[in-house]
Amino acid sequence: MMEAVGSAAVDTGAVTKRSAARPPADGVDEQLVDDLVEQARMSGLQLTGEGGLLAQLTKRLLESALEGEISDHLGYDRGDPAGNNGGNSRNGIRSKTVLTEVGPVAIDVPRDREGSFEPRIVRKRQRRLSGVEDLVISLSAKGLTTGEIAAHLAEVYDADVSRQTISTITDRVMDGMAEWQNRPLDPVYPVVFLDAIHVKIRDGKVANRPIYIALAVTVEGTRDILGLWAGDGGEGAKFWLQVLTELRNRGVADVCMVVCDGLKGLPETIEATWPLAVTQTCVIHLLRASFRYAGRQHWDPIAKALRPIYTAPTEAAARDRFTEFTDAWGAKYPAIIRLWDAAWPEFVPFLAFDTEIRTVVCSTNAIESVNARIRRAVRARGHFPNETAALKCVYLAIMSLDPTGQGRRRWTIRWKPALNAFDMTFDGRLSTARK
């Protein structure tokens, strides 16, 4: 059937067939999109870049949205007689260029006579859309410097963005970081992992400084990074006392187990903060420390001899295996024997628990995976001008750990068996966090 529309004849049957054959996806007419792309191709118009199809579409969409906003503000549409002699009215336009994810786009922003119109989609004095700011923050989280981000935006989006502008964008995350760092915490955590990574900070001279990290597992089995703290000098139990005291002041009244490295004085610090907490020394850290006292040619046989100790079914069996290790290697490497003797009280607690708990608390692997992501971002930067810049980089890396949420789901599935065992082992202590 043919219908006349203006001076053109439209085959409505064909339109119906085409629409039936290609239904809109998510409210967008796919055929219309195809027609636009084909038209651009036939006219030699580029899809991206300045003046490209995407830039033109972005311009039309933004200007249409702005026109809708000023119509809502004034209470009438453009050309509506209701606006004649009705007080405030349109007063032309002002042009500005905004940086978008498809590159710079020149738009016309409508004005009103009273100057009371405050656009929301592109605010006054705004030169970048939020998508660009998200992109800058994402690139910074991956460890790119301000210069590298500026070069990337110039190469991919043909956008001239200064280093100072990029620094200003990333500095805005510090407000969010302060709120995150001081948020209230759960009253009870099954496990808290403590560790520190070292970054190079230029404060007069470049020196290694520790960034302290506390990662907890909640009673629901999710991962919760409790905070970041920049220390001065080497890692020490005295600074950890400040960290743990802050966590307690933010609401953490009890922790079932704390897993950490073999730092001297740290077990006493943990006991002073949470008297009921079981302190577990990371087995991996013990092994690494053992290898530092041995020749490279002996690493494999020493690792094989130590394995029966930390896989023993009971503490008594572990002591028997350690005696065998002492007989075999004590004369050659007495420092390894002293190391294990000193760490024994904090090494053996996990041997008293079920396999489900042993698997997840025998090492700090849970926090090591986070540290690996942080180190990747830190290495890309080399060193930082000050402590704030270092914390900002680490914070951004942490906030971008799991953008899809898949890691969170895998983490929860992995921890479910252990949490069931925690419920039985630490009877009643986890229920406080579930109220």
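## Aromatic pairs and packed helices

Let's start with Tyr-395: its relative accessible area is 8%, so it is buried. Keep in mind that we are looking at a predicted model. Trp-180 counts as buried too, because its relative accessibility is 13%, below the 20% limit for that label.

These two residues also meet as a ring pair. The ring centres of Trp-180 and Tyr-395 sit 5.4 Å apart with 55 degrees between the planes, so this pair is tilted. Trp-180 belongs to helix α7 (residues 173–181) and Tyr-395 to helix α16 (residues 387–399), so the pair ties together parts of the chain that are 215 residues apart in sequence.

Now for another pair, Phe-353 with Phe-426. Their ring centres are 5.8 Å apart and their planes make 40 degrees, so this one is tilted as well. It links distant parts of the chain, 73 residues apart: Phe-353 is in the loop between α13 and α14 (355–361), while Phe-426 is in the loop between α17 (406–425) and α18 (431–434). Both of these Phe residues are buried.

Here are the two pairs side by side:

| Pair | Distance between ring centres | Angle between planes |
|---|---|---|
| Trp-180 and Tyr-395 | 5.4 Å | 55 degrees |
| Phe-353 and Phe-426 | 5.8 Å | 40 degrees |

The structure holds 14 aromatic pairs. There is also an aromatic cluster made up of Phe-322, Trp-340, Trp-344, Phe-347 and Phe-350.

Phe-322 from that cluster takes us to helix α12, where it is one of the buried residues, along with Ala-317, Ala-318, Phe-325 and Trp-329. These residues cover an arc of only 140 degrees around the axis, which means they lie on the same side of α12. Ala-316 and Asp-327, on the other side of this helix, are exposed. What covers the buried residues of α12? Among the elements doing that job are α11 (299–310) and α13 (334–347). The length of α12 (residues 315–329) works out too: with 15 residues at 1.5 Å each, the helix should span 21 Å, and its end C-alpha atoms are 21 Å apart, which agrees.

Helix α11 can be read in a similar way. Its buried residues are Ile-302, Leu-306, Ile-309 and Tyr-310. Looking down the axis of α11, they fall within an arc of 75 degrees, so they line one face of the helix. Asp-300 and Lys-304 are exposed on the other side of α11. The buried residues of α11 pack against α10 (283–292), α12 and α13. For its 12 residues, the expected span at 1.5 Å a residue is 16 Å, and the end C-alpha atoms of α11 are indeed 16 Å apart.

Over in the strands, have a look at Asp-254, found in β8 (residues 254–260). Is Asp-254 buried or exposed? It counts as buried, because its relative accessibility is 12%. Its side chain makes a polar contact with the side chain of Arg-429, at 2.9 Å. Beyond its neighbours within four places in sequence, Asp-254 is in contact with Pro-187, Val-188, Tyr-189, Trp-274, Leu-276 and Arg-429.

Finally, the whole protein. It has 18 helices and 9 strands, and 45% of its 435 residues are buried. Of the contacts with a separation of 6 or more, 62% are between residues 24 or more positions apart. The protein exposes about 23300 Å², and carbon and sulfur atoms supply 52% of that area.

Notes. Residues are numbered from 1 along each chain as its sequence is written. This is a predicted model: local features need pLDDT of at least 70, side-chain atom pairs count only at pLDDT 80 or more; totals for chains, interfaces and linings use all residues. Side-chain values use heavy atoms; hydrogens and water are left out. Helices (H or I, at least four residues) and strands (E, at least two) are DSSP runs, numbered from the N terminus. Buried means under 20% relative accessible area, exposed over 50%, partly exposed in between (1.4 Å probe, protein chains only). A polar contact is a pair of N or O atoms within 3.5 Å; within protein, one must be able to donate a hydrogen and the other to accept it, and residues adjacent in sequence count only if both atoms are side-chain atoms. Contact means heavy atoms within 4.5 Å. Accessible areas come from the Shrake-Rupley method with a 1.4 Å probe; for residues, only the protein chains shown count as cover. The expected span of a helix is 1.5 Å times one less than its number of residues. The arc is that of the directions from the helix axis to the C-beta atoms. Rings of Phe, Tyr and Trp (its six-membered ring) pair if their centres lie within 6.5 Å; planes under 30 degrees apart count as stacked, over 60 as edge-to-face and the rest as tilted.
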